[in-house]
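Biologist: Please take a close look at a single strand of this protein and at the sheet to which it belongs. I should like one connected account of its side chains, its partners and the parts that follow from there.

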Amino acid sequence: MPGTKKVFVKTFGCQMNVYDSERIAESLIPYGFTETECLEEAEVIVLNTCHIREKAAEKVYSELGRLRQVKDDRREQGKQTIVTVAGCVAQAEGAEIIARSPVVDLVVGPQSYHRLPDLVFRAQSESRRIVDTNFPEDDKFSRLPDRLVAKPAQPGATRAASAFLTVQEGCDKFCTFCVVPYTRGMEFSRPVSGLLDEARSLISRGVRELTLLGQNVNAYHGEGPDGKDWTLAKLISAVAKLEGLERLRYTTSHPHDMNDDLIAAHRDEEKLMPYLHLPFQAGSDRILALMNRKHTVAQYRRLIEKIRTARPDIALSTDIIVGFPGETDQEFEETLTLVNEIGFAQAFSFKYSARPGTPAAKSEEQLPEEVKTKRLHRLQELLASQTSRFNEGCVGQVIPVLFERPGRHDGQIVGRSPYLQPVHADGDATLLGRVIPVEISSAGPNSLLGVIRAA
Ligand code: 5AD
Ligand code: SF4
C-alpha cells in the first residue's frame, strides 16, 4: 500500500546524484513515504547537492532561501517539514550549513544515506538539527534497501527505459582542482554480485539501458564471485549477458585507467554503446602536470587512436577546464589545437573555479574572470561547431533509437541514439522502452529529428 507521507527530492549536479536521489527516495518507502513533485505537500524535502564548482554550490543557498516560505506556510497549517541537505555540499560544509541557513534541519553526507530514515525520524521526533557527514566503516550499498522491482508510481513519471547504476564511488587521483576526493572519499568499488542483483531488479522493472557510474569508473576493481578483483571490462561483459538488457554505457573514465581490456570491450561487446566520455581537461603538458592529471597530451592522443582502431564509429566526449591558475594564452591555444585534432561529438567545458581545500585554490596565479570568460567562449564556439558537424553527419542514416519518453508535442516520442544524441520522432507511447530503427531527417545543434522505419 502506498504510504501517506511525502518526500520531495531535488537533484543538482552529476549523474551519480541522480542515482543517489533515487536511492534516497526508495529508502524512505518502507517507512510509509511516497515521492512527490509538489513541494508544498512534502513532510521531508531533500536537496541533493553538488560542490564541484562555486556556481553549483551557490545554487543550494538560493534554493534554501525559497524553501523558507514553503516551510513557514506549512508550519502555519500545523505541519512539520524536515529540510535536508544531502550530497557533496553537505559533506564539504557540514555544520556550516546549519549555521548559515536556519531553514535546514538535517545535513547528511553521501556516505550516510542508509541512515537517512533514522536521521529523519530523529529530526522529527527530537526537534533538533542533525549533521551526519562521517565516512562510516560500513558500506552504505549493503545497508540500503534492495532496489524496487516495480518503480513506484510518481506523478508524471513514465517507464524509465534507461537507468544509472553506481558501481564505484570516490576517487584517489587528487587532481589539484577537484573536490571529489574530499567530498566522496577514497575510491571504493562495489562487489560484482550485488551489482548483478541490482541490474536484474532494474531490468525487471523495464530498464533496457544501464549506465555504470563512478567518479573514476574505469578504476573499478570490485570483488568478483570468484573472490578475485574484477576489472570494469569483466563487469561489463557479465552485465552484458543479462537477458532483457539491450544497451550498456559507463562514465566517467580517467585516461590513466583506460586499459587494453576495456578498449577491447568496445570492439567485442555488442551491447556496449559506441560512446566514450574521456576528460582530458587541458591541452598543455605543463598545465596537465600542475593539475596532477597523470597523463600527457601525447598519451591521450595515443589512447584515442587505439580506441578508434578498436571501434571506428565511436563518438567521443570530454571535459575541459579553461583558465587553470597560470595558464598562458599559448597554453590555452594548445587546448584548442587538441580539440581540433581529435574532434568531439560532445563536450563539457568549464571556467576554472577555485574550490576550498584543493591545492590549486592556493596558487597565486589565479586568472582574472574576464580572461576565463573569453577563453571559455572561444572554446565553446569550437565545441559547438564540432557537435553540429557530428549531428549533421547522422542525417540520412538509419540509427537504432531507444525511446524513453513522450515528446513535447502530441504524438511525438524521444529517445537516444547509440551516440547519446536525443532523437525526436512521431510515434505512439507503446514504442517507449524499445530500440527501433529511425531514419534521421534533420539535425539541430543538440538533437536529431527522424522517421521511424520499422516498429
Ligand atoms: N573548476 C572547474 N571545473 C571543474 N571540474 C572539476 N573541478 C573543477 C573546478 N574546480 C570539472 C572537470 C571535471 C568535471 C566533472 O568538472 O572538468 O571533469
Ligand atoms: Fe576529480 Fe576526476 Fe580528478 Fe578524481 S579523476 S580528482 S574525480 S577530476
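Modeller: In strand 11, the side chains of Arg247, Arg249 and Thr251 point one way, while Leu248 and Tyr250 point the other way. In a regular strand the side chains alternate between the two faces of the sheet. All of these residues of strand 11 are buried. Because five of the five residues are buried, strand 11 is largely enclosed by the rest of the structure. These statements, like those below, refer to a predicted model.

The sheet itself is open and consists of three strands in the order 7-10-11, paired in parallel. Strand 7 (162-166) and strand 11 (247-251) stand at its edges. Each of these two has a single partner strand, so one side of each is left without a neighbour in the sheet. For strand 11, this lack of a neighbour concerns the sheet, whereas the burial of its five residues concerns the rest of the structure. On average, neighbouring strands of this sheet are turned by 25° against each other, direction ignored.

The pairing can be followed strand by strand. Strands of a sheet pair through backbone hydrogen bonds, either parallel or antiparallel. Here, strand 10 and strand 11 run parallel and are joined by five bridges; in this pair, Thr211 has Arg249 of strand 11 as its bridge partner. Arg249 is also one of the residues that point the way of Arg247 and Thr251. On the other side of the order, strand 7 pairs with strand 10 (residues 209-213) in the parallel sense, over five bridges. There, Ser162 has Glu209 in strand 10 as its bridge partner. Helix 1 (residues 15-28) packs on the sheet and touches strand 7, strand 10 and strand 11. The direction of helix 1 makes about 95° with that of strand 7.

The end of strand 11 leads to an unusual backbone feature. Most residues other than glycine have a negative phi, and most peptide bonds are trans. Thr251 and Thr252, however, are joined by a cis peptide bond, with omega about 0°. Thr252 is found in the loop between strand 11 and helix 10 (260-268).

Two further residues deserve notice for their backbone angles. Phe174, which is not a glycine, has a positive phi near 50°. Phe174 is found in the loop between strand 8 (168-169) and helix 7 (180-183), and its relative accessibility of 29% makes it partly exposed. Asn292 likewise is not a glycine and has a positive phi, of about 60°. Asn292 lies in the loop between helix 11 (285-290) and helix 12 (297-310); with 28% relative accessibility, Asn292 counts as partly exposed.

Phe174 also belongs to the surroundings of ligand 2. Among the other residues around ligand 2 are Cys171, Cys175, Cys178, His254 and Arg293. By class, this shell has seven nonpolar, one polar and two charged residues.

As for the wider setting, the domain assignment gives domain 1 (5-140), domain 2 (146-273) and domain 3 (398-452). The centres of domain 1 and domain 3, taken over C-alpha atoms, are separated by 35 Å.

Key: Residues are numbered from 1 along each chain as its sequence is written. Chains are lettered from A and ligands numbered from 1 in the order in which they are written. This is a predicted model: local features need pLDDT of at least 70, side-chain atom pairs count only at pLDDT 80 or more; totals for chains, interfaces and linings use all residues. Side-chain values use heavy atoms; hydrogens and water are left out. Domain bounds come from an automatic or database domain assignment. Two strands pair if DSSP finds at least two bridges between them. Helices (H or I, at least four residues) and strands (E, at least two) are DSSP runs, numbered from the N terminus. Axes are lines fitted to C-alpha atoms, for helices over the stretch in contact, and angles run from 0 to 180 degrees between N-to-C directions. Contact means heavy atoms within 4.5 Å. Buried means under 20% relative accessible area, exposed over 50%, partly exposed in between (1.4 Å probe, protein chains only). A residue is near a molecule or strand if one of its heavy atoms lies within 4 Å of it. Ala, Val, Leu, Ile, Met, Phe, Trp, Tyr, Cys and Pro count as nonpolar, Asp, Glu, Lys and Arg as charged, and the others, Gly among them, as polar.
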